[in-house]
Amino acid sequence: MRTGLYPGTFDPITLGHLDIIKRACVLVDKLVIGVAINRDKLPLFSLKERVEMIERNLTKFEHINTEIVVEPFENLLIDKAQEIGAQIVIRGLRAVSDFEYEYQLVGMNRAMNDNIETTFLMAEAKHQAIASRLVKEISRLGGDVSKFVTPGVQEALKQKFI
């Protein structure tokens, strides 16, 4: 069984993230969505809220044969990949600027474990510009984020900024 790890903060999960999940399901039999606990970032949503938002949005993938699970993690990405038996780490790219950081990350991960591959997926063109931090800013300022997130996530954002 081919297992993949799609890590991220998902604060909040966007349509771009969901598109990457859909694309990743073509590559693996089991996809673990690793929700990162990053002490350097101050997420808007708690870990529990982020996990629940992701799980609620996975219902749209029930027809797909890939097993999808959501697991928080705080250790190194490569350690989480080893822990779950992943052969592949899936990363989403939006722009060339993302590639610089991701390229360095792959190099470091390969130095720690060269048995785990990393693949980059690009979301559909209409979702490529979506960034969680921008979605939060638009929502905080009262803007419409319906083109970037699901209705449930949009409502969760509204509740945070009331």
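1. In this predicted model, the side chains of Glu83 and Lys80 meet in a salt bridge, with N and O 3.1 Å apart. The two residues are three positions apart in helix α3, so about one helical turn separates them. Their exposure should be noted: Glu83 is exposed at 53% relative accessibility, whereas Lys80 is buried at 3%. The cut-offs behind these words are under 20% for buried and over 50% for exposed.

2. A second pair within a helix is Arg23 with Asp19, where the closest N and O atoms are 2.9 Å apart. Both belong to helix α1 (residues 15–24) and are four residues apart, which means a separation of about one helical turn. Arg23 is partly exposed, with a relative accessible area of 32%. Asp19 counts as buried, at 5%.

3. Lys22 forms a salt bridge with Glu124, and the closest N and O atoms are 3.8 Å apart. This pair links distant parts of the chain, as Lys22 lies in helix α1 and Glu124 in the loop between β5 and α5 (132–140), 102 residues apart. The cut-off for a salt bridge is 4 Å. Lys22 is partly exposed at 39%, and Glu124 is partly exposed at 28%.

4. The pairs in points 2 and 3 should be read together: Asp19, Lys22, Arg23 and Glu124 are linked in a network of salt bridges. The count of salt bridges in the model comes to ten.

5. The sheet is open and has five strands in the order β3-β2-β1-β4-β5, with parallel pairing. Strands β3 (67–73) and β5 (117–122) stand at the edges with a single partner strand each, so one side of each has no neighbour in the sheet. From one strand to the next, the twist averages 30 degrees.

6. At the β5 edge, the partner is β4 (residues 88–93), and the two strands pair in the parallel sense over six bridges. Within this pairing, Ile88 stands opposite Glu117 in β5.

7. Two helices should be described relative to the sheet. Helix α2 (residues 47–57) lies across β2 (30–36) and β3, and runs at about 150 degrees to β2. Helix α3 (residues 77–84) packs on the sheet, where it touches β1 (3–8), β2, β3 and β4; its direction makes about 150 degrees with that of β1.

8. On the surface, Leu76, Met108 and Met112 make a nonpolar patch of about 320 Å². Met112 is found in helix α4 (residues 96–112) and counts as partly exposed, at 46% relative accessibility.

Technical notes:
Residues are numbered from 1 along each chain as its sequence is written. This is a predicted model: local features need pLDDT of at least 70, side-chain atom pairs count only at pLDDT 80 or more; totals for chains, interfaces and linings use all residues. Side-chain values use heavy atoms; hydrogens and water are left out. Patches are made of residues with over 30% relative accessible area and no salt bridge: like charges are joined within 9 Å, nonpolar side chains (Val, Leu, Ile, Met, Phe, Trp, Tyr) within 5 Å. Accessible areas come from the Shrake-Rupley method with a 1.4 Å probe; for residues, only the protein chains shown count as cover. Buried means under 20% relative accessible area, exposed over 50%, partly exposed in between (1.4 Å probe, protein chains only). Two strands pair if DSSP finds at least two bridges between them. Axes are lines fitted to C-alpha atoms, for helices over the stretch in contact, and angles run from 0 to 180 degrees between N-to-C directions. Contact means heavy atoms within 4.5 Å.
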